[in-house]
Structures are given as structure tokens and as C-alpha cells.
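User: Happy to have you here! Could you take me through the terms used for this model, and show how each one is earned?

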Amino acid sequence: MSITVSALRETAAGERRMAITPEVAKKLRGKGLRVLLERGAGNAAGFPDAGYADVEFADAAQVLAQADLLACVLPPDDAVLGRLREGSIVVGQLRPHGAAERIATLAQHKLTTFSLEMLPRTTRAQAMDVLSSQAAVAGYRAMLIAAESSPKFFPMLTTAAGTIRPSRVLVIGAGVAGLQAIATARRLGAQIEGYDVRPETREQVESLGAKFLDLGVSAAGSGGYARELTAEERAAQQHALAEHLKVFDAVVTTAAVPGRAAPKIISTAMVEGMKPAALIVDLAADSGGNCELTRPGERVDHGGVVILGPLNLASGAPLHASEMYARNIYNFVELLIRDGALQPDFNDELVAKSCVTRHGEVLFKA
Ligand code: NAD
């Protein structure tokens, strides 16, 4: 009997993405798999049922009763997971950190589950790297929000009413999201600078036509990530940044250190030194924010400087975010199939490192 791959409508508040797009459903069918989706599951992402060829639709209960593999964007409720058959596989962003109850549910129902945020950032994993694909969407959206929310134009404009100077924009944190934010600001015509503590980002920032802001603090960690700054480094960074921040019209912050709360980089005093009507879009709001004044999901006006803390930015461009996400899912699912059956190879580091529970056994280490 062929393997049934399924997805449900995402139920997290504000979530519009869909784990299986028509393109990926077709590829799964091409592999001889059966695709069974909840009716209307793709609507919010811009994929109505009619756009899926050769796919079956049912209500959520029927989908859960028949799925061999459930793909998701965000973790389904524990009650939903509990309705999957014993031994089923779940693939998605399961957010296992600090989610002991969810992990217990996965184990209790003897599910085998994979959380793609845990994949190592190796070359082979790139095609499945949901952190990268969704961070690119988030970086793009953060810069659009900055441009839309700023009281100034981003590009230079020469008009009969005079010349408007381009906005000066800074991106703090030049990882996947930050580089996409820089590229977007360039396309919008802003005068753009990028800053990061990893020295190798200088070349990446400059290759996008932006200027690298050098604050003299270098903090490369392991695995290509940044490490947390020491107290002295943080003080040096803050001192240098405070002076520079005074010239910018908009700042997009994306700094993160894996497994830690977002580093606080912009203090209240630094905000108070910024230009009137300047703007900060804090993409790190989901993990606490890079600015001391950020309130996740809210708009804060501090003496005329506005700080925005938008949440789940990738969901705001759901069609393309889903297309990229679903391809990541497909590439990972391909790894799990051998000889026409779902047989994850736990000797493969991509399989082993992303596994949260294996038929009820908890493999996730916090
Ligand atoms: P991330 O989301 O963990 O962090 C975003 C950025 O914030 C990083 O560039 C980091 O250096 C920076 N940062 C952290 N603390 C800071 C501070 N105090 N001040 C300023 N900046 C600070 O990172 P990410 O976007 O997920 O990517 C991190 C690295 O992983 C990059 O080197 C990226 O190229 C690499 N990567 C590799 C692959 C691959 O080869 N498969 C895939 C994706 C990412």
C-alpha cells in the first residue's frame, strides 16, 4: 500500500502558510505517494483545493486517521497529535526547545517526529533548511514594513518640488534575514549599511552594494554562528553603535545567537539619541527583541522614535513562504523513503540530528 502524506490547515493564530503546495503534492505523487489533505488547508496561503491535481481531500479527523506522515508548518495542538496513529511520522517546525509537554505527547503516542529547525547547517542540508528559507522571507518583509512605516521615502527623488535625499538605513545582524533585508533596501533605493559581529559578513554585505559598519567587535562562534558577547565586548559595541545610530532614518535588527534570547543591542538611551521620526523594525521580536524598548507584536512610540516588533513575519508572504517551505519538506521526506517505504536511516546525521522522538523514544536533548 502506498504511503499517505498529509497536511492539515494550520491553526496557530495568524499562521497562513501551508506545508504542502500543489507543486510539492505533484512531486510526491510522482514518487508514488498518496497525498491526503484537509479540505481548504491551502486557502490562506493562496492554494485553493482546486489547484491541487490528483490529491485527495477529507476532514481533519479522516486525515489524521489515515496519515503515515503529517507535514506541518508549526506544531499542531497536542490533542491533534494524539489522534495520529501509533508509529506515524511528523515533519515540520516542532519548536521542541522548552516544550516538554509537547515532547511527552509525541512520545506517549509513539510517534516518530522530525523538527527541521534542528538540522545541522551543512551544505547537504541547505535544500531542507527551513530556518534559511523562512528567514529570507522575514528579512524581505521586515524591510518592506520599515519602508512602509517610515515617514520618509527610501529612494532619492528628484521632482519639481525639489530633491529628496535617500533614507539612511542600517541592518544589524547580517545572517540570512539581514542579508535579504539589505538586498530589499537596495532595491528600494535606500542608502544602506550592514553590521554584524561575524567578520566574514563584511564581504557578504559589500557584495550586496551596502557599506559595512565596523564597530570593532568580532564574535565568531562555532558552526558559522555568532557567540554571545562578553560584558566588555557588549559595552564596546554599545558605545560605538550609539554614535552611529544618530544618523539613520530606519534600522532593521535581526541579531540572534542560537539557543539564547536575542541579544539586547539597542538601549533606551541609544533610541533617545536617534533622529526624530526614526524607526526601528525589530525582527528578533519573536525571541525577545534586539532593542530594549521592543514589545513583541506591538508598536512603541518613544519620544517620536517608533519601534515595531512584528511577529511571524514569514507568514505575511504566505504563498512564496509556503512554496519554499514545502520544497524543504519534500527534500527531507525524500530522505526518509527507502525501497518504497518510510524507513528513516538514523545513521544519516540529517535524520538523527533533526529527530525529536523515535517511535516514542525521546531523542531531543535541550
Ligand atoms: P542567526 O539567525 O542565528 O543570527 C542572525 C545574525 O545575527 C547572524 O549573522 C549573527 O552573526 C548576528 N549576531 C548575533 N549576535 C550579534 C550581535 N551582538 N551584534 C550583531 N550581530 C549579531 O543566523 P542565521 O541567519 O541563521 O545564519 C547564521 C550563519 O549560518 C551564517 O553564517 C549563515 O551563512 C550560516 N548558514 C549556513 C547554511 C548552510 O551552509 N547550510 C545555511 C544557513 C545559514
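User: What makes glycine 92 and serine 115 of β6 partners?

Analyst: Glycine 92 has serine 115 in β6 as its bridge partner. β5 and β6 (residues 112-115) run parallel and are joined by 4 bridges. Two strands pair if DSSP finds at least two bridges between them, strands being DSSP runs of E with at least two residues and helices runs of H or I with at least four, numbered from the N terminus. So 4 bridges qualify β5 and β6 as paired.

A quick note on the source: this is a predicted model, where local features need pLDDT of at least 70, side-chain atom pairs count only at pLDDT 80 or more, and totals for chains, interfaces and linings use all residues. Residues are numbered from 1 along each chain as its sequence is written, and side-chain values use heavy atoms, with hydrogens and water left out.

User: And what about β4 and β5, how many bridges join them?

Analyst: Strand β4 (residues 69-71) and β5 run parallel, joined by 3 bridges. Valine 90 in β5 is the bridge partner of leucine 70.

User: Why are both faces of β5 called covered?

Analyst: Ile89 and Val91 on one side, and Val90 and Gly92 on the other, are all buried. Buried means under 20% relative accessible area (exposed is over 50%, partly exposed in between; 1.4 Å probe, protein chains only). In a regular strand the side chains alternate between the two faces of the sheet.

User: How do you know what span to expect for α5?

Analyst: The expected span is 1.5 Å times one less than the number of residues. Helix α5 (residues 130-149) has 20 residues and reaches 28 Å from first C-alpha to last, close to the expected 28 Å.
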